[in-house]
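Subject: Structure handover

Hi,

Here is the structure I promised to pass on to you. Have a look at it first, and then read on for what turned up.

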Amino acid sequence: MSTAARLISGSAASWAQIAATVAAQIVLVPVYLNYWSVKTYGIWLAIQGIMSALSMLDLGHQNYMGFEFLRLGSKNILDLSKALWSAIVVSVLISVGQILLIVLFFFTGIMTFLLGESGTNDIDLINAAGIVLILQGISWLVVMSFSGLIVRGLAVFGYYPRMAWWGFVYTIITTLAPLIAVVMGGDLLMAGIALTLGAFLYALIFFVDLYKLLKKVRIILVKPSVALGISNFRKSTPLLGKALFENVRQQGVRLVLAPLAGATGLAAFSTMRTGANMALQGLNTIVNPMLPDLMRFLHDRDQARSEAAFATVWIVVVACIAPGVVLLQIVIEPLFLFWTQGKITFDPLLFALLSLGVLVYAVVQPAVAVVIGNNLTKIQLWLSAFAALTVLVLLAILVPVIGIIGAAIALLAAEVVAAVGYKFIAERWLRENNLRWPKRPFYIALLSVVIAAAGLVCIILLPHLKWVTLSITLVLCFINLWKYWQVLPTVAIQSAKNIVNRVPGIKRLVFLLDVKWLLV
């Protein structure tokens, strides 16, 4: 499978996962609340939150090893095999530790506190919640501690899309299993058992495919090295700190807004941020499939193909996101009011600031990919910490003065701070490894952010000229897109033409109109 085909398949799988998650969020809430009390549903959500927090350590270790596998590459089979099985041993130990910690929570009463039910008399419900959480821990041990690392190892050989589609299947199964139990009258415990059984059924089928692929790529079973496993685990611990700081950036906004802006302000901010969050998820569906190929290109010191991988993101920024946020700024208000039934006032400045945050985040993703892909964990930790500190300080200063607009400014400032840091580190790493940061394509992509920002400002200040502003902005975006096309590496242009020519009916249209698209 070619790089372009892997990118398309991987992105499609990731989009399918997002669609399933969004659909689940829309559909599941009324179903659960129709059969359960609000209290029971709240405990169910708390269980998922606790398990998510407990698994951060193992997930950080797995993510680190994923990039370590990419660094080793597909040519170093022996080293890759040793790193994989050593990591699996560590992951199993972490998972066992998680289960023991859950048992400790259960028998010491900490579980009740974590579930927010310290004063409850419903002992049966708390006991059921404890059992469900233990089952979740066992499920993580059996399903995720093994497969998570193997999946990351197989990504080195170009199997990311296949694994992503398996991830989509996992999302469907683990969504439907407890839902079916609830619809059939099951309580909290039955839903937890159904979820665990669904995960086990998935694992049985999934492990067969993993075994076949491991044989195909010739990853062999070798004696694990405890020393190597522990060494890699220690190197991965900064990723846990990074994850915590990233959560501060996201959840810290809610913690400060609730007391400072009130429930109405928090609801308005969270609702208007929904679109931005979905855009970020969509962008990640492009970045994540790109990483394995990018790391291979960087490892081979292939400047042209590395720039082509960067172009995957920047072309989306230049051609789609930049003009898209300006167009959305004009048409979103009536849609927003319809969606919220007129109960939340639309703030154009708030929406514009959140949109700019997405643009800044998007344009720096190639630099983020370089830093993350090369496991520069301490750098990631410091950048995340500095960005989180920026958010918290600006929230405390601005929100009491200008309300939720201050929260949007704080988030935008944090994105700018992180972007500057990641770009500087990535450029330095490339230079030290005999590669170059593609300055001209980057500055053209950055110019699209400036064009969009100027368009948003004009729309807010001159609403009566919004359509004129949109027309001028789109023309400027098109000119900028043409300039970007001129600086693309030849390999990226050729790959784009090859993809387009495979689409039925498009080849002749492209020939007649000489329309050039980049779909790398």
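Let me start with glutamate 68, which is buried, because its relative accessible area is 10% and the cut-off for buried is under 20%. Please keep in mind that this is a predicted model.

The partner of glutamate 68 is arginine 71: their side chains meet in a salt bridge, at 2.4 Å from N to O. Arginine 71 is partly exposed, with a relative accessible area of 39%. Both residues belong to helix H3 (residues 56–72), where they sit three residues apart, about one turn of the helix.

How many salt bridges does the structure hold? There are four. Another one brings together the side chains of arginine 162 and aspartate 209, at 2.5 Å from N to O. Arginine 162 is in helix H7 (residues 160–183) and aspartate 209 is in helix H8 (residues 188–217), so this pair ties together parts that are 47 residues apart in sequence. Arginine 162 counts as partly exposed at 37% relative accessibility, whereas aspartate 209, at 10%, counts as buried.

Helix H14 has a salt bridge too, between lysine 423 and glutamate 427, whose closest N and O atoms are 2.8 Å apart. Those two residues are four apart within H14, about one turn of the helix. Are they buried or exposed? Lysine 423 is buried, and glutamate 427 is buried as well. Through salt bridges that share partners, Lys423, Glu427 and Lys439 are joined into one network.

H14 also comes up in the helix packing. Two packed helices are described by the angle between their axes and the distance between the axes. For helix H11 (residues 348–363) and helix H14 (residues 404–432), the axes come within 9 Å and cross at roughly 15°. That makes H11 roughly parallel to H14, since angles under 35 degrees count as roughly parallel. The crossing of this pair is left-handed.

Helix H12 (residues 365–373) is another neighbour to look at: its axis and that of H14 come within 8 Å and cross at roughly 60°. H12 and H14 are therefore oblique to each other. Here, too, the crossing is left-handed.

On the surface, there is a nonpolar patch of about 910 Å². Val457, Leu461, Leu462, Leu465, Val468, Ile472, Val475, Leu476, Phe478 and Ile479 make it up. Helix H15 (439–461) and helix H16 (466–486) each supply at least two of the patch residues. Which helix gives the most to the patch? It is H16, with six residues. Leucine 462, for its part, is found in the loop between H15 and H16. At 35% relative accessibility, leucine 462 counts as partly exposed.

One last spot to click on is valine 90, in helix H4 (residues 77–108). Valine 90 counts as buried, at 10% relative accessibility. Although valine 90 and serine 225 are 135 residues apart in sequence, their C-alpha atoms are 10.0 Å apart in space.

Happy to talk it through whenever it suits you.

Best wishes

Conventions: Residues numbered from 1 in each chain as written. Predicted model: local features only at pLDDT ≥ 70, side-chain atom pairs only at ≥ 80, totals over all residues. Heavy atoms only, no water. Patch = residues over 30% accessible without salt bridge, like charges linked within 9 Å, V, L, I, M, F, W, Y side chains within 5 Å. Areas by Shrake-Rupley, 256 points an atom, 1.4 Å probe, with all protein chains shown as cover. Buried < 20%, exposed > 50% of the residue type's maximum accessible area, 1.4 Å probe, protein only. Axes fitted to C-alpha atoms, helices over the stretch in contact; angles between N-to-C directions. Parallel < 35°, antiparallel > 145°, perpendicular 65-115°, else oblique. Left-handed = near helix turned anticlockwise from the far one by under 90°.
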